[in-house]
Amino acid sequence: MFDTIFVARFNATLMLESLRGKRMMFVGDSLNRGQYVSMVCLLHRILPPNAKSLESSIDQSLTVFRAKDYNATIEFNWAPFLLESNSDNAIVHRVDDRMVKKGSINKHGKNWKGVDVLVFNTYLWWMTGRKMKFLYGFFFHFSVKGKGSFKDEKKDIEELTTEDAYRVAMKSMLKWVRKNMDRNKTRVFFTSMSPLHIK
């Protein structure tokens with residue numbers, strides 16, 4: 001009456017062989033960091049201590065797990081909005097007045113170049129119930145143009161609806177991928193909506 005469904009167990013050796021000589025990177029917020037940590041947990045247990053390493057930047061915005069014998073890395077880049085934001089510090093990122101910088105995808109994108117498997121996510125951080133503030137990279141209202149900074153007292157800001165702001169980020173990501181990724185070599189995935197940590 002019912003068909004039996006067999007689910008193959010995860011094969012860490014096969015996964016590492018698939019990643020031999022490659023870089024895999026998860027980019028986004030804590031939900032994608034959870035995916036990254038899960039992947040590392042599945043892989044690290046089959047490697048002897050001297051055949052692996054884990055390194056993080058000081059602010060933990062970039063974490064790299066290295067499987068030395070496979071010349072493979074699994075990496076995580078904290079970029080909750082994909083664009084540069086005032087929430088880019090992976091340790092101190094609880095900011096009430098969230099703001100992103102328009103046209104700033106290269107701030108994080110420099111870390112993504114040369115990656116073979118790229119897994120993006122961004123969603124939850126946009127759901128504030130308020131309009132999203134976009135900081136322009138240059139001040140156009142003054143005769144002297146200067147780079148806009150989150151720390152500037154006067155900021156050139158535009159407020160967008162969540163949908164419009166999210167669209168700007170998605171278009172920036174797609175444009176960056178088309179310009180910087182080798183379609184014959186790189187696989188790009190995007191995770192949109194996902195469960196919260198508590199659900």
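F120 is a good place to start, because at 0% relative accessibility this residue counts as buried; the term buried means under 20% relative accessible area, exposed means over 50%, and partly exposed lies in between, using a 1.4 Å probe and protein chains only. W112 is buried too, with a relative accessible area of 0%. The model is predicted, so local features need pLDDT of at least 70 and side-chain atom pairs count only at pLDDT 80 or more, while totals for chains, interfaces and linings use all residues. Residues are numbered from 1 along each chain as its sequence is written, and side-chain values use heavy atoms, with hydrogens and water left out.

Let us look at the rings. The structure holds four aromatic pairs. Rings of Phe, Tyr and Trp (for Trp, its six-membered ring) pair if their centres lie within 6.5 Å; planes under 30 degrees apart count as stacked, over 60 as edge-to-face, and the rest as tilted. W112 and F120 make one edge-to-face pair, at 5.0 Å centre to centre with 80° between the planes. W112 also pairs edge-to-face with W176, at 5.0 Å centre to centre and 85° between the planes. This second pair links distant parts of the chain, as W112 sits in helix α3 (residues 106-112) and W176 in helix α4 (residues 162-180), 64 residues apart. W176 counts as buried, with 3% relative accessibility. Elsewhere, ring pairs link F26, Y36 and F76 into a cluster.

Now step back to the whole chain. The protein chain has four helices and nine strands; helices (H or I, at least four residues) and strands (E, at least two) are DSSP runs, numbered from the N terminus. Along the sequence they follow the pattern α-β-α-β-β-β-β-α-β-β-β-α-β. Of the 199 residues in the protein chain, 43% are buried. Contact means heavy atoms within 4.5 Å. Among contacts between residues at least 6 apart in sequence, 66% join residues at least 24 apart.

Y36 from the ring cluster brings us to helix α2, where Y36 is one of the buried residues, along with S30, L31, N32, M39, V40 and L43. Helix α2 (residues 30-44) has 15 residues and reaches 20 Å from its first C-alpha to its last, close to the 21 Å expected at 1.5 Å a residue. The expected span of a helix is 1.5 Å times one less than its number of residues. The buried residues of α2 pack against α1 (12-18) and a set of strands: β1 (23-28), β2 (52-56), β3 (62-67), β4 (72-78) and β6 (117-121). At the start of α2, a side-chain oxygen of D29 comes to within 3.0 Å of the backbone nitrogen of L31.

Helix α4, the home of W176, comes next. Its 19 residues should span 27 Å at 1.5 Å a residue, and the end C-alpha atoms are 27 Å apart, which agrees. The buried residues of α4 are T162, A165, Y166, V168, A169, M170, S172, M173, W176 and V177. They pack against α3, β6, β7 (132-135), β8 (157-160) and β9 (187-191).

Helix α4 also leads to the largest pocket, which has a volume of about 230 Å³. On a 1 Å grid over the protein atoms alone, a pocket is an open set of points where a 1.4 Å probe fits, with protein on both sides within 12 Å along at least five of seven lines; lining residues have an atom within 4 Å of a point. Grid points are joined across faces, edges and corners, and a volume is the space filled by probe spheres set on the points. The largest share of the lining, seven residues, comes from α4. Among the lining residues are K102, I105, V168, S172 and W176.

S172 deserves a visit of its own. This residue lies in helix α4 and is buried, with a relative accessible area of 16%. Its side chain reaches the backbone oxygen of V168 at 2.9 Å. Leaving aside neighbours within four places in sequence, S172 is in contact with L83 and I105.

Finally, turn to two loops. Q60, in the loop between β2 and β3, has a phi near 60°, a positive value in a residue other than glycine. Q60 is partly exposed, with a relative accessible area of 39%. N71 has its place in the loop between β3 and β4 and has a positive phi of about 50° although it is not a glycine. At 59% relative accessibility, N71 counts as exposed.

Note on methods
Polar contact = N/O pair within 3.5 Å; in protein donor to acceptor, adjacent residues only side chain to side chain.
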